[in-house]
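Dear colleague,

Please find below the structure that I am handing over to you. My findings are set out after it.

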Amino acid sequence: MENLNNSEQPLLDMKDVEITFSTPNGPVKAVRGANLTVYPGESVAIVGESGSGKSTIALAAMGLLAKNGKVTGGQIIYDGKDYASATDKQFRAIRGDEIGMVPQDPMSNLNPVWKIGFQVKETLKANGLGGGNMNQKVAEALSNAGLPDAERRAKQYPHEFSGGMRQRALIAIGLSCQPRLLIADEPTSALDVTVQRQILDHLDQMTAQRGTAVLFITHDLGLAAERAEKVVVMYKGQVVESGPALELLRNPQHPYTQRLIGAAPSLSSQRMDNDAAAEKSATSTDNVLEIQDLTKVFKIREKGFTKSDFTAVDHVSFNVKRGTTTAVVGESGSGKSTVAKMVLNLLKPTSGTIRFDGEDMGQLSEKELFRFRRRVQPIFQDPYGSLDPMYSIFRTIEQPLKIHGIGDAKSRQNKVKELLEHVSLPASTMHRFPNELSGGQRQRIAIARALALEPEVIICDEAVSALDVLVQAQVLELLNKLQAELGLSYLFITHDLAVVRQIADDVVVMKNGQLVESGKTDEIFANPKTDYTSNLLDAIPGAQLLV
């Protein structure tokens, strides 16, 4: 490697980087002529949609590209040395103690059969920081990452941690060797806004104390502008714009950056246009769903054979007006998804009633429940997990029609074409399989399937939380358009209040299984009545930056 050391140089300097992947259909250039600099102690964010190349360029900086990927042009200079053509041995010398990483998905990146402390210990050993007092070093790393009772937590397994705790464990591993540069790849994308804020605040504090430079990878431009000094925007493998975060946010030059900002729900203060639904919400007294004193208690097994009660939903009451959207919001564990499962009749309430179109669901016969399922349909969070990978798109959408005995083969085929058109996908999509589609396309298929039986109510359980902001905006626009055209009612379960402001007419706020506040969306956002709701609103990333 060539040593390019001189004074006042960037810690990481990527010049005209080109990255190519070998595929059965020939070489694919994933990154083309990209430039990126990170100075010591500086925080830089790379933003862009899925497939823009942002994670690829970060992985190249650590020598962690997939086997079919290769740096085919440019320079990757770290601390004055060019690593563009470095061997794996040379990269191993700087991973951990020089460049640390916090990957995106804690469940995929923590070994489920190893205790958390053991995984931190392995990182320390791999970087030559073993020796005496290892348990103390592990406890310090976990404690520094904000995990309380670190010695006890070190003896637990990943499945015993919440999502936020697992993410803190990854941060502890990433920072345990005190690297000079930390790459954080979507470090909080699956977390509630309040937990996200706590983790990012703590990460800011830790890196500031140690002088660590941070390279954020994110699709959320609001979060990037709030947390980074400099933002780099990538689109189709190229850097299309970069500059100081606030300056870029307030005066974007490239059309793609302008689209990103326009699509970011955290930077938007306006509801999507749906005059018909807004008018109906203001005047309607016709409730399609009435939930009264709904309670769900689970029996939790303690040590041995004893069981204790856990109240997941505690005497919750609210209504959903016909043709409108009601959002149920709250942190993980607030009980919102449990409410959705009870409304879908996937869980039986411990007490309370759910009335659909005036009928008590607890009194319905099997035949009546079968008819109910035709009128109420779900859209789940994960478009990867909610579609059978062995089913073609045609079979996926046709299946509900066959189960309910609707039409013959020819009419069902026409119906599938019509549904694909409804969700803005070509009819040829029916011949493909889920693995051939993007995340946004898969979620459109899930929506098409939910519409197949012409339901009156759709339960959206975190239906857009896994999507990039541009795709998320497209799906929300689609849901809004379908509501106006078909008179659908939505029960929208989410932890993202920025999305709520765009799509919901009414909001129900839950905490620890209880309803703490409810009302019109505009009223809740303008004048929250509880500290909990205020904290949720304050935690929306980037919302204050355009003020």
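The notes that follow cover one pocket, one helix and the cysteines.

Please bear in mind that this is a predicted model.

The second largest pocket holds about 520 Å³ of space. Its lining comprises 18 residues, and those closest to the pocket centre are Met 62, Gly 96, Met 101, Thr 123 and Ile 173. Three elements each contribute at least two residues to this lining: strand β6 (99-102) and the helices α4 (116-126) and α7 (163-175). Sorted by class, the lining of the second largest pocket contains 9 nonpolar, 7 polar and 2 charged residues.

The next item is helix α15, which spans residues 393-403. Its buried residues are Ile 393, Phe 394, Thr 396, Ile 397, Glu 398, Pro 400 and Leu 401. The charged residue Glu 398 is therefore among the buried positions of this helix. The cover over the buried residues of α15 includes α16 (409-422) and α17 (439-451). Just after α15, Gly 405 adopts a positive phi of about 65°.

Finally, the cysteines. How many disulfides does the model contain? The count comes to 0, with a pair of cysteine sulfur atoms required to lie within 2.5 Å. Two cysteines may be described by their burial. Cys 177 has a relative accessible area of 7%, and Cys 460 has one of 0%. Both Cys 177 and Cys 460 count as buried, because the cut-off for that term is under 20% relative accessible area.

With kind regards

Notes: Residues numbered from 1 in each chain as written. Predicted model: local features only at pLDDT ≥ 70, side-chain atom pairs only at ≥ 80, totals over all residues. Heavy atoms only, no water. 1 Å grid on protein atoms, 1.4 Å probe; cavity = no way out; pocket = protein on both sides within 12 Å on 5 of 7 lines; lining within 4 Å. Points joined across faces, edges and corners; volume = space filled by probe spheres on them. Helix = DSSP H or I, 4+ residues; strand = E, 2+ residues; numbered from the N terminus. Buried < 20%, exposed > 50% of the residue type's maximum accessible area, 1.4 Å probe, protein only. Contact = heavy atoms within 4.5 Å.
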